[in-house]
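Please go through the model below with a viewer open. The text after it covers pockets, cavities, salt bridges and one loop residue.

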Amino acid sequence: MAFKTLYALVSALAAFQTVSAALTRRVACPDGVNTATNAACCQLFAIRDDLQQNLFDGGQCGEDVHESLRLTFHDAIGFSRSAAARGEFGGGGADGSISIFESIETNFHASIGVDEIVNEQAPFIARHNITAGDFIQFAGAVGVANCPGAPRLQFLFGRPAATRPAPDKTIPEPFDTVDTILARFKDAAGFTPAEVVALLASHTVAAADEVDPTIPGTPFDSTPEIFDTQFFIETQLRGTGFPGTAGNQGEVLSPLKGEMRLQSDSEFARDARTACEWQSMVNNQAKMSAAFKAAMAKLAVIGQDVRKMVDCSEVIPVPPPAQGMAHFPAGLSNDDVEQACAETPFPTLPTDPGPATSVAPVPPS
């Protein structure tokens, strides 16, 4: 009996190993260099390398990465479940409509300036066998992987081409209220307030060109080339001035010379529904990275049938590790924090030494 039991266990183990090997077996790609778990992913290696070399400056976390990440949002958020429930077209979500119908969608007020990255990406789409919807999300995932501290984003392959432009007013603006923005995200894909906060981590590697057009490339935190938690720290510091001109719609006082603060970011950092979640990111790189990855996975497939898509996340590069540690910029401290979370005190952080921090603009690619 014991022998039979042992034989059965050995047989089961062998069967399991055979199945596991079959599940992880890789196929050789036609390029003779790469392998993939699914042959459909093979074509993405050449697109990835083209992007890194010819759009992202050899794999840098620069302006075109920032703009490509922004484009993933502007394309995907164009979707309304409530409109669909009324029998109206609410948009196709992450379907590439912002690229296919560029003359329409980039003229929406919320997408002012997006035409630049759409036009930069157009030649890549034209020379590769990929839909605009797939390319936009793929470029965003590849690009953010160049930023130290970023998560390796999921990429599902197989979005059909958009057939209609997204409706206007589906993209939140920086001057919108927290109520309006939360309602828009909930209507798009059922995003929770915590998930919206997670998506706003994208602003740690972002800059504004059009909020104040006199100072293009103005970052939202002091380390726009690193995917770190400084954005969540610096948005909670007392604002003292504007990096350029005053009176711009959607902009409020910022704490550092050369840094811009969006009105919506400031309000999310201080709203009772989101303040504690915001503060929880301050010195928790792992949480911020994981939350952003999960929220982006949800955003990237809005309006899509994931059952018909292939997981090609393996093609996305592994991002460099995070650099440095959470800190107050030189010249600032806990005394400058506008405490908003009623549940827990703001973390105690070190202050950078030296003269008061001044933030340089993000150079054009």
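**Pockets, cavities and charged pairs**

The lining of the second largest pocket is made up of four nonpolar, nine polar and one charged residue. This pocket has a volume of about 160 Å³. It is lined by 14 residues, and Asp228, Gln323, Gly324, Met325 and Ala326 are the closest to its centre. The model is predicted. Its average pLDDT is 94, and 93% of the residues score at least 70. For residues 1–22, however, the pLDDT is below 50, and this stretch has zero contacts in the model beyond near neighbours in sequence.

The largest pocket has a volume of about 860 Å³. Its lining counts 37 residues, with Arg70, His74, Pro174, His203 and Leu262 nearest its centre. By class, 23 of the lining residues are nonpolar, eight are polar and six are charged. Helix 3 supplies the largest share of this lining, seven residues. Among the other elements that supply at least two residues each are helix 9 (178–189), helix 10 (193–199) and helix 12 (263–270). Strand 4 and helix 14 also supply at least two each.

Closed spaces come next. The structure holds two cavities of 30 Å³ or more. The largest cavity encloses about 70 Å³, and its lining includes Thr72, Gln137, Phe155, Arg159, Lys293 and Met296. Helix 8 (132–144) and helix 14 (285–299) each contribute at least two residues to that lining, which divides into six nonpolar, four polar and two charged residues.

The second largest cavity has a volume of about 40 Å³. Around this cavity lie Glu63, His66, Glu67, Ala207, Ala208, Asp209, Gly217 and Val362. Two or more of the lining residues come from each of helix 3 (63–76) and strand 4 (207–208), and helix 3 gives the most, three residues. The class count for this cavity is three nonpolar, two polar and three charged. Helix 3 thus appears in the lining of the largest pocket as well as in that of the second largest cavity.

The structure holds 14 salt bridges. In one of them, the side chains of Glu314 and Arg26 meet at 2.7 Å, N to O. This pair links distant parts of the chain, 288 residues apart: Glu314 is in the segment after strand 8 (310–311), and Arg26 is in the loop between helix 1 (2–24) and strand 1 (27–28). Glu314 counts as partly exposed because its relative accessibility is 22%, and Arg26 is partly exposed at 41%.

A salt bridge within one helix joins Asp187 and Arg184, whose closest N and O atoms are 3.1 Å apart. Both residues lie in helix 9, three residues apart, about one turn of the helix. Asp187 counts as buried because its relative accessible area is 16%, and Arg184 is buried at 10%.

Asp336 and Arg238 form a further salt bridge (3.9 Å, N to O). Asp336 is in the segment after strand 8, while Arg238 is in the loop between helix 11 (230–234) and strand 6 (251–252), 98 residues apart. Arg238 is partly exposed, at 38% relative accessibility. Asp179, Asp271 and Arg273 are linked in a network of salt bridges.

Which residues does Ser111 touch, not counting those up to four places away in sequence? They are His74, Ile98, Glu105, Thr106 and Ile171. Ser111 is in the loop between helix 6 (102–105) and helix 7 (115–127), and it counts as buried because its relative accessibility is 0%. His74, one of these contacts, is also among the residues nearest the centre of the largest pocket.

Terms used: Residues numbered from 1 in each chain as written. Predicted model: local features only at pLDDT ≥ 70, side-chain atom pairs only at ≥ 80, totals over all residues. Heavy atoms only, no water. Helix = DSSP H or I, 4+ residues; strand = E, 2+ residues; numbered from the N terminus. Buried < 20%, exposed > 50% of the residue type's maximum accessible area, 1.4 Å probe, protein only. Contact = heavy atoms within 4.5 Å. 1 Å grid on protein atoms, 1.4 Å probe; cavity = no way out; pocket = protein on both sides within 12 Å on 5 of 7 lines; lining within 4 Å. Points joined across faces, edges and corners; volume = space filled by probe spheres on them. Nonpolar A, V, L, I, M, F, W, Y, C, P; charged D, E, K, R; others polar. pLDDT = per-residue confidence, 0-100. Salt bridge = Lys/Arg side-chain N within 4 Å of Asp/Glu carboxyl O.
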